[in-house]
Amino acid sequence: MGKVYVFDHPLIQHKLTYIRDTSTGTKEFRELVDEVASLMAFEITRDLPLMEVDVETPVCTAKSKVLSGKKLGIIPILRAGLGMVDGILKLIPAAKVGHIGLYRDPVTLQPVEYYVKLPSDIEERDFIVVDPMLATGGSAVEAINSLKKRGGKNIKFMCLIAAPEGVEVVKEAHPDVDIYIAALDEKLNDHGYIVPGLGDAGDRLYGTK
Ligand code: PRP
Ligand code: URA
């Protein structure tokens, strides 16, 4: 079964409070999501493999370490996942970015796929699928299905806020996928929104409503 990591880093928790706050405007919301995505990327890349190299310091030749060149792919679920991409790329700029466009039907709450564009060397990469919200889990499951169908393996899922219901749905559908969460909230409401959550992530990022 996939593991679930809930980040308890004080900086992540602090920034998340302002992300949740309904009085936080679009510009600040976007900046905070970007910052939290960077902090989460720092934690999620903990297990990246290293190799030893020689480096000439001003004093001597030393053995030191660099990343061994594992290829990564970041897959935002459109729209709201886009808000996390730049923050991750600041730390891992060599990653390629694929896009999966899904929206959640407001009545059935089922995900509807409208766009997929993935890196061509999909078989060689490890992937991080990103979306600020994991609510019913339908969008995450469908995005991971879509990635796997095209050859994607070694997939992690990263989100800001998750409902327990959505976590269970993803674990059940994709037991090979580890889930990284900034905050695990209480529940879903009758409209499939996370409580307490942050509202509609796409609308808050892009000022639509
Ligand atoms: C939101 C969010 C997730 C999805 C989560 O997207 O960004 O993709 O809902 O809900 P689920 O776990 O119940 O599937 P939305 O469908 O509102 O689309 P948008 O990002 O284009 O606004
Ligand atoms: N999508 C959102 O943007 N917010 C929620 O709370 C649930 C789904």
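Trainee: Which residues are the closest of those that surround ligand 1, and how many surround it?

Mentor: In this predicted model, 15 residues surround ligand 1, and the closest are Arg 104, Asp 131, Ala 135, Thr 136 and Ser 139. By class, that shell has six nonpolar, five polar and four charged residues.

Trainee: What makes the approach of Arg 79 to ligand 1 a polar contact?

Mentor: An N or O atom in the side chain of Arg 79 is 2.9 Å from an oxygen atom of ligand 1, and because a polar contact is a pair of N or O atoms within 3.5 Å, this pair counts as one.

Trainee: Which residues place a polar backbone atom 2.9 Å from an oxygen atom of ligand 1?

Mentor: Ala 135 does so with a polar backbone atom, and Gly 137 with a backbone N or O atom. Of the 500 Å² of accessible area that ligand 1 has on its own, the protein covers 91%.

Trainee: Where does ligand 1 sit, and how do you know that?

Mentor: Ligand 1 sits in the largest pocket, a statement that holds because more than half of its atoms lie within 2 Å of the grid points of that pocket.

Trainee: Which helices and strands each supply at least two residues of the shell around ligand 1?

Mentor: Those elements are β6 (99-104), β9 (133-134) and α4 (138-149).

Trainee: What does UniProt list for residues 6-208?

Mentor: An unreviewed UniProt entry lists them as "domain: Phosphoribosyltransferase"; in the model, this span is 32% helix and 32% strand, and its end C-alpha atoms lie 29 Å apart.

Notes. Residues are numbered from 1 along each chain as its sequence is written. Chains are lettered from A and ligands numbered from 1 in the order in which they are written. This is a predicted model: local features need pLDDT of at least 70, side-chain atom pairs count only at pLDDT 80 or more; totals for chains, interfaces and linings use all residues. Side-chain values use heavy atoms; hydrogens and water are left out. A residue is near a molecule or strand if one of its heavy atoms lies within 4 Å of it. A polar contact is a pair of N or O atoms within 3.5 Å; within protein, one must be able to donate a hydrogen and the other to accept it, and residues adjacent in sequence count only if both atoms are side-chain atoms. Accessible areas come from the Shrake-Rupley method with a 1.4 Å probe; for residues, only the protein chains shown count as cover. On a 1 Å grid over the protein atoms alone, a cavity is a set of points where a 1.4 Å probe fits but cannot get out, and a pocket is an open set with protein on both sides within 12 Å along at least five of seven lines; lining residues have an atom within 4 Å of a point. Helices (H or I, at least four residues) and strands (E, at least two) are DSSP runs, numbered from the N terminus. Ala, Val, Leu, Ile, Met, Phe, Trp, Tyr, Cys and Pro count as nonpolar, Asp, Glu, Lys and Arg as charged, and the others, Gly among them, as polar. UniProt positions are given in the numbering used here, feature names are shortened, and annotations may be inferred rather than shown by experiment.
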